[in-house]
Amino acid sequence: MVLSLVPPNMSSNMTNLTSTLYLNLLTLLSNLLSHLSSLLFSLLSLLHTLLTLLGLTRPNQWEPPTLLDSLLYSPLLYLTTKTYHILLFLRGHPFHPPPHHSRIRVVCLSDTHSLRPPRIPKGDLLLHAGDLSATGTFDDLQDQINWLSSLEGFKHKVVVAGNHDCFLDSESSIHRSGGSKEKRKLDWKGLVWLQDELTTLEFDDDDREEEGGGGRRKLNVFGSGWIRRCGGDDFAFQYEDERPPWEERVPVETDVLVTHCPPKGHRDLLLGCPSLLAEVWRVKPKLHVFGHVHHGAGVESVFFDECQAAYESLVLRTAAVERSMLKRWFDLQGLKHALNVLRYGLQSVLWKWIMAGPGSNNGGVLVNAGVMKGNTGRLRKGRGAVKVVDL
């Protein structure tokens with residue numbers, strides 16, 4: 001017979017003590033990791049602030065990325081974007097106006113925010129792609145309408161709303177006014193405001209009269225002010241990314257598309273809409289005018305071909321929400337898209353200049369028509385501040 005020298009409850013107490021020590025150790029490690037993570041996050045935030053103060057990184061997504069920003073985000077996308085724009089330059093003008101017809105000169109504006117550019121070029125069609133006003137009030141909008149209507153020489157003037165033009169959106173207008181509904185009506189004074197609408201505009205064509213063609217040219221213009229959500233409920237015409245309004249919305253007969261939102265990957269700092277990009281591909285308008293992203297102002301050719309498709313595939317893949325930094329840096333599928341940009345782009349350049357000739361391009365133009373100098377609240381200066389396209 002063996003006698004136990006350990007009391008019966010001591011074994012149980014030791015087990016409980018071991019479990020308690022183990023749990024305390026796990027808690028200690030968890031708290032240590034939490035503190036280390038907080039410390040690391042604080043150091044990274046401090047480093048980002050220091051780099052921003054030194055001008056090496058941008059303060060927010062609405063500012064243009066610096067070289068360091070671009071390389072940290074995706075070196076592959078940075079190099080491919082540079083290559084893509086060089087190829088666009090080598091391809092030349094995306095199209096030439098019809099040689100036997102009078103040209104339609106389109107003057108493009110966006111994001112005036114209650115300001116008035118001192119010099120507006122002469123033209124046949126004036127387009128304003130939204131954010132006419134700064135406050136979105138009735139008086140602010142009417143003042144901008146009065147100014148646009150006073151510009152002489154244009155056959156037609158077409159505008160769409162932007163996220164700041166709250167009075168034009170009943171939901172944001174009521175929210176901003178605290179629940180009361182504004183009963184006054186804007187006097188558009190001959191301007192055409194489009195919100196998910198198509199209008200057909202006619203222009204004189206003297207050259208066609210000689211050929212018995214009736215002396216008129218027509219343009220189908222579709223306009224819409226919808227944008228991806230970027231602010232509170234007092235911003236106008238916003239939609240959630242899960243419910244974009246673009247699919248099958250733009251009529252296929254559209255010649256000129258005017259939106260406030262840019263398409264993804266083109267003059268947009270990657271803030272544009274993928275769904276709108278898909279709609280642009282479906283319709284292939286000759287001219288697409290937009291704004292919203294001030295630093296994206298400029299003109300870009302589109303050809304709706306394999307080169308452009310490969311570039312946009314890389315953009316959409318890289319900008320996907322679930323893509324981490326490591327996935328963006330080491331992306332074999334993305335490298336395939338990048339090589340296709342170079343392959344198809346070089347083929348297009350060689351075909352255009354060796355086989356087809358200088359006037360063979362049959363593409364379109366994208367115009368970010370913003371006239372603000374970035375996010376400074378001041379207007380751009382110089383002759384190129386207002387964009388002009390001949391159709």
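# Exercises on strands, cores and salt bridges

In strand 12, Gly364 is the residue that Val302 stands opposite. The structure is a predicted model. The exercises below start from that pair of strands.

## Exercise 1: strands 11 and 12

Find how many bridges join strand 11 to strand 12 and in which sense the two run. Then state how many residues of strand 11 are buried.

Solution.
- Step 1. Strand 11 covers residues 298–302 and strand 12 covers residues 364–368; five bridges join them.
- Step 2. The two strands run antiparallel. Val302 and Gly364 are one such facing pair.
- Step 3. Of the five residues of strand 11, four are buried, and the strand is mostly covered.

## Exercise 2: the partners of strand 6

Determine which strands are joined to strand 6 by bridges, and in which sense each pair runs.

Solution.
- Step 1. Strand 5 (residues 197–204) pairs with strand 6 over eight bridges, in the antiparallel sense. Within this pairing, Asn220 of strand 6 has Thr200 opposite.
- Step 2. Strand 9 (residues 256–259) runs parallel to strand 6, with four bridges between them. Here Val221 faces Val256 of strand 9.
- Step 3. Strand 6 spans residues 216–224, and seven of its nine residues are buried.

## Exercise 3: a salt bridge between strands 5 and 6

Identify the residue with which Arg216 forms a salt bridge, and explain which parts of the chain the pair ties together.

Solution.
- Step 1. Side chains of opposite charge can pair when their charged atoms come close.
- Step 2. The partner of Arg216 is Asp204, with 2.4 Å between the closest N and O atoms.
- Step 3. Because Arg216 belongs to strand 6 and Asp204 to strand 5, the salt bridge ties together parts 12 residues apart in sequence.
- Step 4. Arg216 has 29% relative accessibility and so counts as partly exposed.
- Step 5. Both residues belong to a salt-bridge network that also includes Glu202 and Lys218.

## Exercise 4: the open sheet and its edges

Give the strand order of the open sheet of five strands. Then explain why strand 4 and strand 13 have one side without a neighbour in the sheet.

Solution.
- Step 1. The order is 4-3-2-1-13, and the pairing is mixed.
- Step 2. Strand 4 (192–193) and strand 13 (387–390) stand at the edges; each has a single partner strand, so one side of each lacks a neighbour in the sheet.
- Step 3. Strand 13 runs antiparallel to strand 1, joined by four bridges. Val107 stands opposite Val388 of strand 13.
- Step 4. A salt bridge links Arg105 and Asp390, with the closest N and O atoms 2.8 Å apart. Since Arg105 lies in strand 1 and Asp390 in strand 13, this pair ties together parts 285 residues apart in sequence.
- Step 5. Arg105, at 37% relative accessibility, counts as partly exposed.

## Exercise 5: a salt bridge inside a helix

The structure has 16 salt bridges in total. For the one between Arg282 and Glu279, locate both residues and classify each as buried or exposed.

Solution.
- Step 1. The closest N and O atoms of Arg282 and Glu279 are 2.7 Å apart.
- Step 2. Both residues lie in helix 7 (residues 274–283), and their spacing of three residues is about one turn of the helix.
- Step 3. Arg282 has a relative accessible area of 29%, so Arg282 is partly exposed.
- Step 4. Glu279 has a relative accessible area of 4%, so Glu279 is buried.

## Exercise 6: nonpolar cores

State how many residues the largest nonpolar core has and which of them have the most contacts inside it.

Solution.
- Step 1. The core has 25 residues, and Leu109, Ile120, Leu148, Leu168 and Leu186 have the most contacts inside it.
- Step 2. Strand 1 (105–109) and helix 4 (138–150) each contribute at least two residues to this core. Helix 4 gives the largest share, five residues.
- Step 3. Beyond its neighbours within four places in sequence, Leu186 is in contact with Phe138, Leu141, Gln142, Ile145, Phe167 and Leu168.
- Step 4. Another core, of 23 residues, lies apart from the largest one; Ile104, Val256, Val258 and Val367 are among its members.

## Exercise 7: nonpolar residues at the surface

Locate Leu28 and decide whether Leu28 counts as buried or exposed.

Solution.
- Step 1. Leu28 is part of helix 1 (residues 8–53).
- Step 2. Exposed means over 50% relative accessible area. Leu28 has 57% relative accessibility and therefore counts as exposed.
- Step 3. Leu28 contributes to a nonpolar surface patch of about 1200 Å², whose members include Tyr22, Leu25, Leu32 and Leu46.

How values were computed: Residues numbered from 1 in each chain as written. Predicted model: local features only at pLDDT ≥ 70, side-chain atom pairs only at ≥ 80, totals over all residues. Heavy atoms only, no water. Patch = residues over 30% accessible without salt bridge, like charges linked within 9 Å, V, L, I, M, F, W, Y side chains within 5 Å. Areas by Shrake-Rupley, 256 points an atom, 1.4 Å probe, with all protein chains shown as cover. Salt bridge = Lys/Arg side-chain N within 4 Å of Asp/Glu carboxyl O. Buried < 20%, exposed > 50% of the residue type's maximum accessible area, 1.4 Å probe, protein only. Core = buried A, V, L, I, M, F, W, Y, C linked by side-chain atoms within 4.5 Å. Contact = heavy atoms within 4.5 Å. Pairing = 2+ DSSP bridges.
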